[in-house]
Amino acid sequence: MNRYPLWKYVLVGLALLFGLVYTLPNFFGESPAVQVSSAKATLKIDASTRERVASTLQAAGIANSGIFLDSNGVKVRLLTNDTQLQAKDILEKKFNPDSSDPQYVIALNLLSSSPQWLTKLHALPMYLGLDLRGGVHFLLQVDMPGALTKRLDSIGADLRTLLRDSDVRHAGIDREGERIVIRFRDQEKRDKGRSTLAENQPDLLLVEQGEGSDLKLVATLRPEAIKRIQEFALKQNITTLNNRINELGVAEPVIAQQGADRIVVQLPGVQDTAKAKDILGRTATLEIRMVEESPGAIEAALAGQPPFGSELYVERGGAPLLVKKQVVLTGDRLTDAQPGFDGQTNEPAVHLTLDSPGARIFKDITRDNVGKRMAILLIEKGKGEVVTAPVIRAEIGGGRVQISGRMTTTEANDTALLLRAGSLAAPMEIIEERTIGPSLGAENIAKGFQSTMWGFVAIAAFMIAYYLLFGVVSVIALACNLLFLIALLSLLQATLTLPGIAAIALTLGMAIDANVLINERIREELRNGSSPQAAIHTGYERAFGTILDSNITTLIAGLALLMFGSGPVRGFAVVHCLGIMTSLFSAVVVSRALINLIYGRRRKVEALAIGQVAWKPADAGSATVK
């Protein structure tokens, strides 16, 4: 009656082993580290960079416990905080000899100290939030008027092209504040211009002004268009910030919109605040220019006398490249960039998609420059990097552009990523900055751990005193529940914050409720004269329905917090929902497996150590309560 089949014991054993393995990494803590990543979009971090870091530290006599290469850069795990600072200074001097033009980002970081065998099993510690690990908090104000101005300038250029292509003569197009003024000399041209713009520019609200020979058409953005531009600016800035923060190696950054024009950035574990501000405040733009290929031009540029209207750059391979200063197209016109292959040669290629104005401009440029080279540059802090410089093979229309030739698959992927990353849609300003030191984070962890520990001890003392052996089993099941919960959070790489610790403490209090229901139901069966074996079986079977109902209703509330909450509320909800699921398994399956091991193989049980109830056989009278 109270025996589990072998597979259930094996299942419980595997679950406990899983919980132990994935909980262990959280007890090893973190070590100080230094990360080396690229400060230039076109500069790659590879195995040679790792070897260079290792040789630099070895020459300086700085010991380390591991040098790793991952997608974020090269990371060096060091032994003490003092050697961390020394390593940062030495690597900074070695990798960035010109401080005015840094090639690499050398940032302080923290890495897990878990053994290698746990790392190979992908057993990693939970991420810790800003309040537990320390780090920096920024509140950024997005310049929405700047985004609208940028968009109006772009629309003004589009209107010139559109009116010229439609053969509509005008007397000038100017932006005045938040409106675009188009001047005409006669009514007929203004009417024709208005119909052309109304058909091709639905985002503009057109109003006629002026009399006589000074006729005007005033264009302003519609409210829905303004809202759409502002939303796009926020989304693009958040995407760009995500790409930049990867350079810092932050495990679980928080980048979220706050209100209509602000972005919150939280970087747990980041110790180098100045470096974080530098990366967040970086401005980058994409530009497409033509390559200057006049005879003798490159030689003159190398001699220090570049031709008028041109600039000297260096390609990825190190070859010099002379580029015209005139910007043909900017990254604002690029809507997508994906890696792929050339349909004819099957070579790796990058496929670009331009918006309609960009497609028209690009068609004109490529038609007039077949056989010539075109450079795509990434401009950061006033300095440009050549991403690629392909040859124009034919006129390209339709807004779909292919870049191919002398590229590997990896380079095609990297180029597409760079082009997609783009630039900030609107300038941003840091209006609030807050730093939480590692010592304060450690204090919060200690207090949270102590509150959870003492709560567990109080529950354990009560359960053992009130239910005796069944109380001991309940406490073991509760410990297993905590083990499963921590393991799941580590496996999912969830971020633990102070509200998360509160949710763990609450989960312990709620999880023991299931064991109380089971134990009280067994007592009730004993009072009704059932045998101990029958009382155990009936107690677990009949209490399960009540346990399931109560947990489902609590889970519904937790899911509501998860769906509609944000920030700390969402973190609380994640731990809360996972805790409900683990408590169901531990309170019912694990506790019954233990009870079955203790009582299940006994043919005759004279009494249950459940406290306050003594059982007598049916022929000796009903159960009595002591």
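**Note on the predicted model**

1. His-576 sits in helix H16, which spans residues 568–599. This is a predicted model. With a relative accessible area of 6%, His-576 is buried, because the cut-off for burial is under 20%. Setting aside neighbours within four places in sequence, His-576 contacts Ala-503, Leu-506, Thr-507, Met-510, Thr-554 and Gly-558.

2. Now the overall picture. The protein contains 16 helices and 25 strands. It has 626 residues, and 46% of them are buried. Take contacts between residues at least 6 apart in sequence: 71% of these join residues at least 24 apart. The accessible surface is about 30,800 Å². Carbon and sulfur atoms account for 57% of that surface.

3. The N-terminal helix next. Helix H1 covers residues 6–23, and Leu-14 belongs to it. Leu-14 has 52% relative accessibility and so counts as exposed; the cut-off for that class is over 50%. Which residues join Leu-14 in a nonpolar surface patch? They are Leu-6, Val-10 and Leu-17. Together the four residues of the patch offer about 410 Å² of accessible area.

4. One open sheet has four strands, in the order S2-S3-S1-S4, with antiparallel pairing. Its edges are strand S2 (64–70) and strand S4 (104–112), each of which pairs on one side only. From one strand to the next, the twist averages 25°. Inside the sheet, strand S1 (residues 30–38) pairs with strand S3 (residues 73–78). That pairing is antiparallel and runs over four bridges. One point to check on the model: Ala-33 has Arg-77 in S3 as its bridge partner.

5. Thr-83 is worth a look. The residue lies in helix H3, residues 81–95. Its contacts, leaving out residues up to four places away in sequence, are Ile-62 and Leu-78. How far apart are the C-alpha atoms of Thr-83 and Pro-32? They are separated by 8.8 Å, while the two residues are 51 apart along the chain.

6. Another open sheet also has four strands and antiparallel pairing, here in the order S7-S8-S10-S9. Strand S7 (172–176) and strand S9 (204–211) stand at the edges. Each has a single partner strand, so one side of each has no neighbour in the sheet. Neighbouring strands here are turned by 25° against each other on average, direction ignored.

7. The pairing of S9 with strand S10 (residues 214–221) is antiparallel and counts eight bridges. Within it, Gln-209 is bridged to Lys-216 in S10. What lies across S9, S10 and strand S8 (179–184)? Helix H7, residues 187–200, does. The helix runs at about 170° to S9.

8. Then a hairpin. Strand S11 (residues 254–258) and strand S12 (residues 262–268) pair in the antiparallel sense, with five bridges. Gln-257 has Ile-263 in S12 as its bridge partner. Three residues separate the two strands of the hairpin. In the turn, Gly-259 has a positive phi of about 70°.

9. Two backbone angles deserve a check by eye. Leu-468 is not a glycine, yet has a positive phi of about 55°. Leu-468 lies in helix H13, residues 438–491. At a relative accessible area of 41%, Leu-468 is partly exposed, because that class falls between 20% and 50%.

10. The other angle belongs to Gln-493. This residue, again not a glycine, has a positive phi of about 55°. Gln-493 is placed in the loop between H13 and strand S23 (495–496). Is Gln-493 buried or exposed? With 18% relative accessibility, Gln-493 counts as buried, because the value is under 20%.

Notes:
Residues numbered from 1 in each chain as written. Predicted model: local features only at pLDDT ≥ 70, side-chain atom pairs only at ≥ 80, totals over all residues. Heavy atoms only, no water. Patch = residues over 30% accessible without salt bridge, like charges linked within 9 Å, V, L, I, M, F, W, Y side chains within 5 Å. Areas by Shrake-Rupley, 256 points an atom, 1.4 Å probe, with all protein chains shown as cover. Salt bridge = Lys/Arg side-chain N within 4 Å of Asp/Glu carboxyl O. Buried < 20%, exposed > 50% of the residue type's maximum accessible area, 1.4 Å probe, protein only. Pairing = 2+ DSSP bridges. Axes fitted to C-alpha atoms, helices over the stretch in contact; angles between N-to-C directions. Contact = heavy atoms within 4.5 Å.
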